[in-house]
Amino acid sequence: MASRSWRPIPFLLLISGVLMLIASCRPDQDELEVSEGMYPLTIPPGFPDMPIPAGNELTYERVALGRKLFFDPILSADSTVSCGSCHRPHLAFADDRVVSTGVADRPGFRNAPSLANIGYHPYFLREGGVPTLEQQVAVPVQEYHEFDTSFPEIIERLLTRPDYIEASQQAYGRDPDVFVVTRALGAFQRTLISGSSPWDRFYYQGDLLAVSQKAIQGWQVFCEKGCTHCHSGFDFTDYSFQNIGLYLDYPDPGRWRLTGLDADIGRFKVPSLRNVDITAPYMHDGSLTSLDEVLDHFASGGQAHPNRSPQVVPITWMPGEREAIKAFLRSLTDDAFLTNPDFIDGNGL
Ligand code: HEC
Ligand code: HEC
């Protein structure tokens, strides 16, 4: 069961004050003037429209400011770590370390997830405790293992920088403040859409030669073995919270942190599988190092945790099925996304 060092409430208390602060921030005018430069969000075939919150419509200026902030270590206590240090563009905005390290090389306790298609998530973090991308910014800012700083400190720094004052005025018609920082980072992250992998070209765009026969067979196996119970839809996740029997005794109790309910111990948000070939290590704690280890886990049916999903059952692979599933998963790697110059800051992170 959940280890005694975890308590559900402090986590919420930690961020709830700041969340309220952000929620109470309103634009100065009732309606912000939308600049000429609306950012053209390209929705790939097969994807739904992305929900964009009123008041933070995407413009070039907002997205550009968000990108500048995303890659700027100015947000961290000792100016050494940026969002991009843990969410790295060429790794699909994930990280190749088991757990990411923040300021002063402090190790966190979770593996950094990919931010591909993050604008579609209905809630954030692996227990789903944060409702919007704007509010999520408060987490790394305050987290001891990430930036370990505060909004007042960050705003003070930004106000000494003419380039930020100008960019902020252009984007939101006001000087840098919590409203601007959280909105701009939200705007930039909504542009991180991955929908042009070989599998997309095959499945949604009708290019029958975009993937191998093996990958197509792998998709069939993926469906037959019940993976699509959870990894369904255009983003290969239904965003539900599931216990897949990774442990009998979860050191990190997952959604229990939020709800305190025993039924939520070991339940984590189902991750997207887009670009999964390059987002190792896997799972909330980075404990599985390769796709083979993940397939071994699902084949075993996992540990008999009382909350384990009934959909996770032992699997017997027929010859070639494992290789086929891997070929399918690899066809989800979207090279255009990984190398998109619009997603990379000038300093080449
Ligand atoms: C020190 C490494 C680190 C830094 C710096 C960092 N993150 Fe993260 N990020 C993580 C980890 C680890 C998680 C998973 C945390 C969890 O689930 O509790 C995460 C989760 C997220 C999520 C939620 C993803 C999901 O699937 O729900 C978003 C969005 C995000 N980060 C954006 C940002 C932004 C924006 C910044 C900069 C303001 C940032 N991160 C800075 C490591 C980092
Ligand atoms: C009951 C729902 C469910 C089913 C069925 C399921 N998964 Fe998952 N899958 C999850 C959850 C939840 C996680 C993340 C667990 C964690 O973070 O500890 C996950 C993680 C993964 C990961 C690692 C992704 C990452 O970025 O860490 C891969 C790969 C994966 N699943 C593939 C599969 C395959 C292949 C199948 C079918 C054999 C399958 N899953 C069946 C819920 C499911």
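Reader: What counts as a helix or a strand here?
Author: Both are DSSP runs, numbered from the N terminus. A strand is a run of E with at least two residues. A helix is a run of H or I with at least four residues.

Reader: What kind of model is this, and how are its parts numbered?
Author: Residues are numbered from 1 along each chain as its sequence is written, chains are lettered from A and ligands numbered from 1 in the order in which they are written, and side-chain values use heavy atoms, with hydrogens and water left out. Local features need pLDDT of at least 70, side-chain atom pairs count only at pLDDT 80 or more, and totals for chains, interfaces and linings use all residues, as this is a predicted model.

Reader: Where does His 87 lie, and which atom of ligand 1 has this residue as its only protein donor?
Author: His 87 lies in the loop between α3 and α4. Donors are N, O and S atoms within 2.8 Å of the metal (3.2 Å for Na, K and Ca); water is not among the atoms, so sites may look incomplete. NE2 of His 87 is at 2.1 Å, and the atom it serves as only protein donor is the iron atom of ligand 1.

Reader: Which residue is the only protein donor of the iron atom of ligand 2?
Author: The donor sits in the loop between α10 (213-224) and β1 (241-242). Its NE2 atom is 2.1 Å from the iron, and the residue is His 231.

Reader: How many residues surround ligand 1?
Author: A residue is near a molecule if one of its heavy atoms lies within 4 Å of it. The closest include Cys 83, Cys 86 and His 87. Helices α3 (83-86), α4 (133-136) and α8 (178-190) each supply at least two residues of this shell. The number of surrounding residues is 28.

Reader: Which residue has a backbone N or O atom 2.9 Å from an oxygen atom of ligand 1?
Author: Side chains also approach ligand 1: an N or O atom of Arg 110 is 2.8 Å from one of its oxygen atoms, and a polar side-chain atom of Lys 269 is 2.8 Å from an oxygen atom of this ligand. The backbone atom at 2.9 Å belongs to Arg 126.

Reader: Why do the buried residues of α2 lie on the same side?
Author: Buried means under 20% relative accessible area, exposed over 50%, partly exposed in between (1.4 Å probe, protein chains only). In helix α2 (residues 60-70), the buried residues are Arg 62, Val 63, Leu 65, Gly 66, Leu 69 and Phe 70. They are on the same side of α2 because, by the directions from the helix axis to the C-beta atoms, they cover an arc of only 160°.

Notes: Polar contact = N/O pair within 3.5 Å; in protein donor to acceptor, adjacent residues only side chain to side chain.
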